[in-house]
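Work through the exercises below with the structure in view. Each task is followed by a solution in steps.

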Amino acid sequence: RGVLTRFFNTPALQGFIRISVGRPADTLALIKHLHEIESAWKILDTYVPQALILDMDGVIADVSLSYRQAIIDTAAQFNINISGADISEAKSKGNANNDWILTHRLIHEHRAKHNIVSSDSSPSLAEVTQAFEDIYQGTQSKAGLHELEKLLIPLEIFNRFHINLPLAIVTGRPRSDAVKFLDRFNLRHLFQHIICMEDAP
């Protein structure tokens, strides 16, 4: 069907798959194929879903101009040039859900790679986090990048799924950021559960 899934061969995830979708056209194609499978649910009971659990960043929310740009802008405050390609590479390696920690790590990796020894480009995690939050959340004098986030999935699609399935979100965002986005697009009431950064070890 042209839809790729991720299979995790671990006991806790047996019987589950992960499907990544990108552009609106890809989302619509996925929904079309899901409806085709739905027609066979009466025969193939194993295909009946119990819920639909979604990630937020890159799935529901376009964060290319917010979180990712905040990483770049935060690093620049400490005289470090981080590119979008650097971020994508780090994300693809895993263990990169926390953008405060990722930004801190990228800054120090860049310093080591280019033999930068100046103290002004060797910030602590707390300093990086504060700079990141000022850029993402905004300050009294400047709007935050979170205002540039866009909804990737049309609202009517959420409403359609909500009729048939319990919906939930699992995200690495802080709860305040997740709720802020959902409220902005009038989505929070559609999700029975919202699992955020604070809910995991």
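The exercises cover a sheet, two helix crossings, a pocket and a cavity.

This is a predicted model, in which local features need pLDDT of at least 70 and side-chain atom pairs count only at pLDDT 80 or more, while totals for chains, interfaces and linings use all residues. Residues are numbered from 1 along each chain as its sequence is written, and side-chain values use heavy atoms, with hydrogens and water left out.

**Exercise 1. The sheet**

Task: Find the order of the strands in the open sheet of 3 strands, and state how they pair.

Solution:
- Step 1. Strands are DSSP runs of E with at least two residues, and helices are runs of H or I with at least four, numbered from the N terminus. Two strands pair if DSSP finds at least two bridges between them.
- Step 2. The order is S3-S6-S7, and the pairing is parallel. S3 (52-54) and S7 (193-195) are the edge strands, each pairing on one side only. From one strand to the next, the twist averages 20°.
- Step 3. S3 pairs with S6 over 3 bridges, and Ile 53 stands opposite Ala 168 in S6.
- Step 4. Strand S6 (residues 167-170) also pairs with S7 over 3 bridges. Here Ala 168 has His 193 of S7 as its bridge partner, and Ile 169 stands opposite Ile 194.

**Exercise 2. Two helix crossings**

Task: Classify how H2 lies against H4 and against H5.

Solution:
- Step 1. Axes are lines fitted to C-alpha atoms, for helices over the stretch in contact, and angles run from 0 to 180 degrees between N-to-C directions. Under 35 degrees counts as roughly parallel, over 145 as roughly antiparallel, 65 to 115 as roughly perpendicular and the rest as oblique.
- Step 2. The axes of H2 (residues 67-77) and H4 come within 10 Å and cross at roughly 40°. H2 is therefore oblique to H4.
- Step 3. H2 and H5 (residues 125-137) pack at about 130°, with axes 9 Å apart. This pair is therefore oblique as well.
- Step 4. A crossing is right-handed if the near helix is turned clockwise from the far one by less than a right angle, and left-handed if anticlockwise. The crossing of H2 with H4 is right-handed, and so is that of H2 with H5.

**Exercise 3. A pocket and a cavity**

Task: Describe the linings of the second largest pocket and of the largest cavity.

Solution:
- Step 1. On a 1 Å grid over the protein atoms alone, a cavity is a set of points where a 1.4 Å probe fits but cannot get out; a pocket is an open set with protein on both sides within 12 Å along at least five of seven lines; lining residues have an atom within 4 Å of a point. Grid points are joined across faces, edges and corners, and a volume is the space filled by probe spheres set on the points.
- Step 2. The second largest pocket has a volume of about 270 Å³. Its lining includes Asp 86, Lys 93, Arg 105 and His 110. Helices H3 (84-92) and H4 (99-113) each give two or more residues, and H4 has the largest share, 5 residues.
- Step 3. That lining divides into 3 nonpolar, 3 polar and 6 charged residues. Ala, Val, Leu, Ile, Met, Phe, Trp, Tyr, Cys and Pro count as nonpolar, Asp, Glu, Lys and Arg as charged, and the others, Gly among them, as polar.
- Step 4. The structure holds 1 cavity of 30 Å³ or more. The largest cavity has a volume of about 40 Å³, and among its lining residues are Tyr 136, His 146 and Arg 173.
- Step 5. H7 (residues 175-184) gives the largest share of the cavity lining, 4 residues. The cavity lining divides into 2 nonpolar, 1 polar and 5 charged residues.
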